[in-house]
Structures are given as structure tokens and as C-alpha cells.
Amino acid sequence: MGMVEVQMEIANPQRMELRAAVTLLADTGATYSMVPRRVLEQIGIAPLERVEFEVADGRRIQRDIGEATFFWNGKGRTLLVIFGDDSDAAVLGVIS
């Protein structure tokens, strides 16, 4: 079984010209996508609130969430995104 990485762009939904290219690990077990905080801040995305999540090993973590526009294959959709810490993997969740 291999790992699948997806290359896409994300943008600030308030200022679509602010974009970043990202490589995300496709994770069928993840509901939401997680992008490194530094990337989201670089394109001006601000946290909306802090939320608790349960991760694969059963631990509970708290992370900020915001909204980002994800572009793939010429189409874009604005979705919730988790602000990943430095120790978190950058993942593409099933909703994205």
C-alpha cells in the first residue's frame, strides 16, 4: 500500500489573489484537510475558532480552524481547514 500525495493550490477566500501551492497527503481517514499554519498565515487566512479533534490513535488535540479555497483540476471550493502545527502532517481530508 502506497501513499498518495496531491498537489493543489489554496487561496484566501477574501482575497483570491493570495495563493500558495501545497502538497497534501490524501488521507481517507481524515474528515477535514490540515495545512501548516505558516502557509495559511502567509496567504492571510485567520483562525475562526479553536476546535477539539480526535486523531487516529485516540488522542484529543485542539487546533484552530479557518476557511480556505482549495483548487484542483481547475475547480475551486471554499471549505474549513485545520491550522496544522509543525509536528502535524499536511493532509487532504475526504470533504476537500
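Arg15 counts as partly exposed, at 45% relative accessibility. In this predicted model, Arg15 sits in strand S2, which covers residues 15-26. A useful pair to pick out on your screen is Arg15 and Ile43: the two are 28 residues apart in sequence, yet their C-alpha atoms are 8.6 Å apart in space.

With that starting point in hand, let us step back to the whole chain. It holds one helix and seven strands, and if you follow the elements from the N terminus you will read β-β-β-α-β-β-β-β. The radius of gyration is 13 Å, close to the 12 Å that the globule rule gives for 96 residues, so the chain is as compact as a globular protein of that length. If you prefer to think in box dimensions, the C-alpha trace spans about 40 × 35 × 20 Å along its principal axes.

A few totals help to fill in the picture. Of the 96 residues, 38% count as buried. The accessible surface comes to about 6,200 Å², and carbon and sulfur atoms own 48% of that area. As for charge, there are 10 positive and 14 negative side chains, with the centres of the two sets 4 Å apart. Now look at contacts with a sequence separation of 6 or more: residues 24 or more positions apart account for 49% of them.

Some individual residues let you see such contacts close up. Ile45 is a friendly place to begin. This residue lies in the loop between helix H1 (37-42) and strand S4 (49-54). Is Ile45 buried or exposed? Its relative accessible area is 5%, so Ile45 is buried. Setting aside residues up to four places away in sequence, Ile45 touches Ala11, Asn12 and Pro13, then Leu40, and further along the chain Glu67, Ala68 and Phe83. The last of these partners, Phe83, is 38 residues from Ile45 in sequence, with a C-alpha to C-alpha distance of 9.6 Å.

From there, move to Thr69 in strand S5, which runs over residues 60-72. Thr69 has a relative accessible area of 2% and is therefore buried. Which side chain joins that of Thr69 in a polar contact? The partner is Thr78, at a distance of 2.7 Å. Beyond its neighbours within four places in sequence, Thr69 is in contact with Glu9, Ile10, Ala11, Pro13 and Met16, as well as with Gly76, Arg77 and Thr78. Ala11 and Pro13 also appear among the contacts of Ile45, which gives you a link between the two neighbourhoods.

Strand S5 is followed by a loop that leads to strand S6 (75-84), and Asn73 is found in that loop. With a relative accessible area of 65%, Asn73 is exposed. Check the backbone here: the phi of Asn73 is near 55 degrees, a positive value in a residue other than glycine. For context, most residues other than glycine have a negative phi.

Carry on into strand S6 and you come to Leu79. At 18% relative accessibility, Leu79 counts as buried, because the cut-off is under 20%. Leaving out neighbours within four places in sequence, Leu79 is in contact with Gly66, Glu67, Ala68 and Phe70, and also with Ile95 and Ser96. Glu67 and Ala68 are also touched by Ile45. Gly44 gives another reference distance: Leu79 and Gly44 are 35 residues apart in sequence and 15 Å apart from C-alpha to C-alpha.

The tour ends with two residues that have partners late in the chain. Thr28 has its place in the loop between S2 and S3, and it is exposed, with a relative accessible area of 76%. The C-alpha atoms of Thr28 and Val94 are separated by 5.8 Å, although the two residues are 66 apart along the chain.

Ser33 lies in strand S3, residues 33-36. At 0% relative accessibility, Ser33 counts as buried. Which residue has its backbone nitrogen 3.0 Å from a polar atom of the Ser33 side chain? That residue is Gly93. Gly93 also belongs to the contacts of Ser33 beyond four places in sequence, together with Phe70, Val81, Ile82, Val91, Leu92 and Ser96. Phe70 and Ser96 are contacts of Leu79 too, so you can step from Ser33 to Leu79 through either residue when you explore the model.

Definitions and conventions: Residues numbered from 1 in each chain as written. Predicted model: local features only at pLDDT ≥ 70, side-chain atom pairs only at ≥ 80, totals over all residues. Heavy atoms only, no water. Helix = DSSP H or I, 4+ residues; strand = E, 2+ residues; numbered from the N terminus. Rg over C-alpha atoms; globule rule 2.2 N^0.38 Å. Buried < 20%, exposed > 50% of the residue type's maximum accessible area, 1.4 Å probe, protein only. Contact = heavy atoms within 4.5 Å. Areas by Shrake-Rupley, 256 points an atom, 1.4 Å probe, with all protein chains shown as cover. Lys, Arg positive; Asp, Glu negative; His and termini not counted. Charge placed at Lys NZ, Arg CZ, Asp CG, Glu CD. Polar contact = N/O pair within 3.5 Å; in protein donor to acceptor, adjacent residues only side chain to side chain.
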